[in-house]
Amino acid sequence: MFHFQYIPRYGDYKDYETLKPALALDIAQDMGIRHSEAVGYGIEVLRGLNYAWLLQGVKLHFEKPMSVTAPLDVSTAVR
């Protein structure tokens, strides 16, 4: 499992209280590559092997409403 705190930028919000729906996929993609890099399979390694990674089965769970000023705790795992 990989854990990271994502700090939303002002542009990530549709209005002051609502995240843009597309942000969920942006975060999943960003955290997927961070997880991959953390275990030694960054973009350059995958490119050298002529491999790619694929996000599969993205599941989002929001435990509480998000605050504009608070970071988002994001975790990824391998199935």
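Helices (H or I, at least four residues) and strands (E, at least two) are DSSP runs, numbered from the N terminus. The model described here is predicted, so that local features need pLDDT of at least 70 and side-chain atom pairs count only at pLDDT 80 or more, while totals for chains, interfaces and linings use all residues. Residues are numbered from 1 along each chain as its sequence is written, and side-chain values use heavy atoms, with hydrogens and water left out.

Strand S1 (residues 2-6) pairs with S4 in the antiparallel sense over five bridges, where pairing requires that DSSP finds at least two bridges between two strands. Within S4, Val 74 is the bridge partner of Phe 4. The side chains of S4 (residues 72-76) alternate, with Leu 72, Val 74 and Thr 76 buried on one face, whereas Asp 73 and Ser 75 point to the other and are not buried; here buried means under 20% relative accessible area, exposed over 50%, and partly exposed in between (1.4 Å probe, protein chains only).

The ring of Phe 4 also lies beneath the charged end of Arg 34, which is 4.0 Å from the ring centre; the criterion is that NZ of Lys or CZ of Arg is within 6 Å of the ring centre and within 35 degrees of the ring normal. Arg 34 in addition forms a salt bridge with Asp 30, the closest N and O atoms being 3.2 Å apart, a term that denotes a side-chain nitrogen of Lys or Arg within 4 Å of a carboxyl oxygen of Asp or Glu. Both residues belong to helix H1 (residues 23-38), four residues apart, and Arg 34 is partly exposed at 30% relative accessibility.
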